[in-house]
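Ready for a short tour? Open your viewer in cartoon mode and keep the selection tool at hand.

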Amino acid sequence: MGKLRSALRNISRWWKPFQVALKVAAVRCNIGGRIRVLYKCSQCKRMLDRKSVEVNHIVPVGSLKSYSDLPGFCERLFVEDISLLEVVCKECHSAITSEQRKKV
């Protein structure tokens with residue numbers, strides 16, 4: 001199930017709502033005479049490059065432990081509504097995920 005979960009998560013990175021969420025968080029900045037695109041973390045409000053941010057599901061996707069979990073997992077993973085997604089830095093995403101895992 002781990003390989004299937006990883007494959008679905010990799011595909012979800014190219015899901016259009018993910019790209020739209022990133023575009024909404026993008027800010028063009030003139031740094032040293034060069035225009036760079038930085039992304040604003042919705043939690044800590046820092047401005048970071050693309051490699052330092054991730055798209056977080058506000059409603060947790062959950063785990064994929066059996067084939068019966070697959071429909072719900074895919075429904076939550078491939079959300080259409082970008083208001084259910086947020087762009088956060090890797091540090092904030094780790095903190096959010098660990099908090100969610102403690103609640104389960």
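Start by selecting isoleucine 31 and arginine 34: arginine 34, in strand S2, is the bridge partner of isoleucine 31. Remember as you look around that this model is predicted. Now widen the selection to strand S1 (26-31) and strand S2 (residues 34-40). These two run antiparallel and are joined by six bridges.

Next, add strand S3 (47-48). You now have an open sheet of three strands, in the order S1-S2-S3, with antiparallel pairing. Which strands are at the edges? They are S1 and S3, each of which pairs on one side only.

Now show helix H2 (16-25). H2 lies across S1 and S2, and its direction makes an angle of about 40 degrees with S1.

Select tyrosine 39 and display what surrounds this residue. Not counting neighbours within four places in sequence, tyrosine 39 is in contact with ten residues you can click through, including Leu22, Ala25, Ala26, Met47, Leu48, Val53 and Val87. Arg46, Asp49 and Arg50 are also among the contacts of tyrosine 39.

Tyr39 also leads us into the interior. In soluble globular proteins, nonpolar side chains tend to be buried together. Here the largest nonpolar core has 16 residues, and those touching the most other members are Leu22, Tyr39, Cys41, Val53, Val55, Leu85 and Val87. Colour H2, S4, S5 and H4, since each of these elements gives two or more residues to this core. Another core, of six residues, lies apart from it; Val61, Leu64, Leu77 and Phe78 are among its members.

While Val61 is on screen, select glycine 72 as well. The C-alpha atoms of glycine 72 and valine 61 are separated by 8.3 Å, and the two residues are eleven apart along the chain. Glycine 72 sits in helix H3 (residues 70-77). Is glycine 72 buried or partly exposed? Its relative accessibility is 22%, so glycine 72 counts as partly exposed; buried would mean under 20%.

The last stop is helix H4 (residues 90-103). H4 has 14 residues and spans 20 Å from its first C-alpha to its last, close to the 20 Å expected. Select its buried residues: Cys92, His93, Ile96 and Thr97. Looking down the axis of H4, you will find them within an arc of 130 degrees, so they line one face of the helix. Strand S4 (53-57) and strand S5 (85-89) are among the elements covering these buried residues. Finally, turn to the other side of H4, where Glu91, Arg101 and Lys102 are exposed.

Note on methods:
Residues are numbered from 1 along each chain as its sequence is written. This is a predicted model: local features need pLDDT of at least 70, side-chain atom pairs count only at pLDDT 80 or more; totals for chains, interfaces and linings use all residues. Side-chain values use heavy atoms; hydrogens and water are left out. Helices (H or I, at least four residues) and strands (E, at least two) are DSSP runs, numbered from the N terminus. The expected span of a helix is 1.5 Å times one less than its number of residues. Buried means under 20% relative accessible area, exposed over 50%, partly exposed in between (1.4 Å probe, protein chains only). The arc is that of the directions from the helix axis to the C-beta atoms. Contact means heavy atoms within 4.5 Å. A nonpolar core is a set of buried Ala, Val, Leu, Ile, Met, Phe, Trp, Tyr and Cys residues joined through side-chain atoms within 4.5 Å. Two strands pair if DSSP finds at least two bridges between them. Axes are lines fitted to C-alpha atoms, for helices over the stretch in contact, and angles run from 0 to 180 degrees between N-to-C directions.
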